[in-house]
Amino acid sequence: MATMNEEAAEVVKSGFLAAVPFARTLGVEFLEVDYDRIAMRLPDTEIHHNHVGGPHAGAMFTLGESASGAIITGAFGHLLDRAVPLAVKAEIHYRKLAMGDVIAEARLNRPREEIEAELESGGRPEFAVEVGLGTADGTATGAMTVTWTLKPIRR
C-alpha cells in the first residue's frame, strides 16, 4: 500500500474543508491523512457540549461522518470527474461519555483498488468506512459505520 505524500495530504485537507463548510463550522482538525486511514479531532469547546458536559451526539456524528468522507476524498479524489461519492447510510453507537477532545479514526473496509475496479467495470460500488471514536487518551467512546457509494456520472 502506498503512503500519501505531504503534498497530496494537504490537497485532501484543503479540498475536504472547502467542500464541507459544516466541518469548518465545528472546527474539526486533521491529525493524520493517508489513503486508507484518516484521523480527525473535534476540539473540546463549550459550544459542542450537551446537557451532561460531553460533546453533543450530533457533533460526534459530524466528526465521524467527516472522517469517513475525508478518507473517500483521499482514496478516490482522482475519480471525481467520473463519479460522485454519496453516503448511503450511517450507524453510530455511543458507548461512553466522551470528555475532552474527541478523535475519529476512519478506515476503508475494502481495498481501494477493488472499489475502483468495480467502478471502472461499470458498477456502482458500495462499501463501508469504519470509524472509531474516542478521547485523546485513547478511551473508546463510540463507533460508527458509514456506507458510501461512488455513483458514476453519466454523460
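# Chat about a six-stranded sheet and its salt bridges

Author: Let's start with a close pair in this predicted model: Glu 32 and Arg 37 make a salt bridge, and their closest N and O atoms are 2.4 Å apart.

Reader: OK. Is Arg 37 buried or exposed?

Author: Arg 37 counts as buried, because its relative accessibility is 15%, and the cut-off for buried is under 20%.

Reader: And Glu 32, buried, exposed or partly exposed?

Author: Partly exposed, since Glu 32 has 43% relative accessibility.

Reader: Which other side chain does Arg 37 meet in a salt bridge?

Author: Glu 105, with 2.8 Å from N to O. Arg 37 sits in strand 2 and Glu 105 in strand 4, so this pair ties together parts that are 68 residues apart in sequence. Glu 105 counts as partly exposed, given its 29% relative accessibility.

Reader: Which residues do the shared partners join into one network?

Author: Glu 32, Arg 37, Glu 105 and Arg 107, through salt bridges that share partners. Arg 107 also turns up in the strand pairing, where Arg 37 stands opposite Arg 107 of strand 4.

Reader: How many salt bridges does the structure hold?

Author: There are 10 salt bridges in the structure. One of them is between Glu 10 and Lys 13, with the closest N and O atoms 3.1 Å apart. Those two are three residues apart in helix 1 (residues 6-19), which means about one helical turn separates them. As for Glu 10, it counts as partly exposed because its relative accessibility is 37%.

Reader: Switching to the sheet. What's the strand order?

Author: The order is 1-2-4-5-6-3, an open sheet of six strands with antiparallel pairing. Strand 1 (29-33) and strand 3 (83-94) are at the edges; each has a single partner strand, so one side of each has no neighbour in the sheet. On average, neighbouring strands are turned by 20° against each other, ignoring direction.

Reader: Remind me, what do strands of a sheet pair through?

Author: Backbone hydrogen bonds, and the pairing can be parallel or antiparallel.

Reader: Walk me across, then. How many bridges join strand 1 to strand 2?

Author: Four, with strand 2 covering residues 37-42 and the two strands running antiparallel. Within that pairing, Phe 30 has Met 40 of strand 2 as its bridge partner.

Reader: And how many join strand 2 to strand 4?

Author: Six, again antiparallel. From strand 4 to strand 5 there are seven bridges, and those strands run antiparallel too. Ile 103 is partnered there with Gly 134 of strand 5.

Reader: Is strand 4 mostly covered or mostly open?

Author: Mostly covered, with five of its seven residues buried.

Reader: What about strand 5 and strand 6, how many bridges do they pair over?

Author: Nine, in the antiparallel sense. Ala 128 has Thr 147 in strand 6 as its bridge partner. The hairpin of strand 5 and strand 6 has four residues between the strands, and Gly 138 takes a positive phi near 95° there.

Reader: Which leaves strand 3 and strand 6. How many bridges?

Author: They pair over 11 bridges, antiparallel. Among the partners are Ala 83 and Pro 152, the latter in strand 6.

Reader: Now the helices. Which strands does helix 3 lie across?

Author: Strand 1, strand 2, strand 3, strand 4 (102-108), strand 5 (126-135) and strand 6 (140-152). Helix 3 spans residues 57-76 and runs at about 35° to strand 4.

Reader: And helix 4, which strands does that one lie across?

Author: Helix 4 (residues 112-120) lies across strand 3, strand 4, strand 5 and strand 6, and runs at about 30° to strand 6.

Reader: Last topic, the surface. Which residues form a nonpolar patch?

Author: Val 52, Leu 97 and Met 99, with about 280 Å² of accessible area together.

Reader: Where is Val 52 found?

Author: In the loop between strand 2 and helix 3. Val 52 counts as partly exposed because its relative accessibility is 48%, while exposed would need over 50%.

Notes:
Residues are numbered from 1 along each chain as its sequence is written. This is a predicted model: local features need pLDDT of at least 70, side-chain atom pairs count only at pLDDT 80 or more; totals for chains, interfaces and linings use all residues. Side-chain values use heavy atoms; hydrogens and water are left out. Two strands pair if DSSP finds at least two bridges between them. Axes are lines fitted to C-alpha atoms, for helices over the stretch in contact, and angles run from 0 to 180 degrees between N-to-C directions. Contact means heavy atoms within 4.5 Å. Buried means under 20% relative accessible area, exposed over 50%, partly exposed in between (1.4 Å probe, protein chains only). Patches are made of residues with over 30% relative accessible area and no salt bridge: like charges are joined within 9 Å, nonpolar side chains (Val, Leu, Ile, Met, Phe, Trp, Tyr) within 5 Å. Accessible areas come from the Shrake-Rupley method with a 1.4 Å probe; for residues, only the protein chains shown count as cover. A salt bridge is a side-chain nitrogen of Lys or Arg within 4 Å of a carboxyl oxygen of Asp or Glu.
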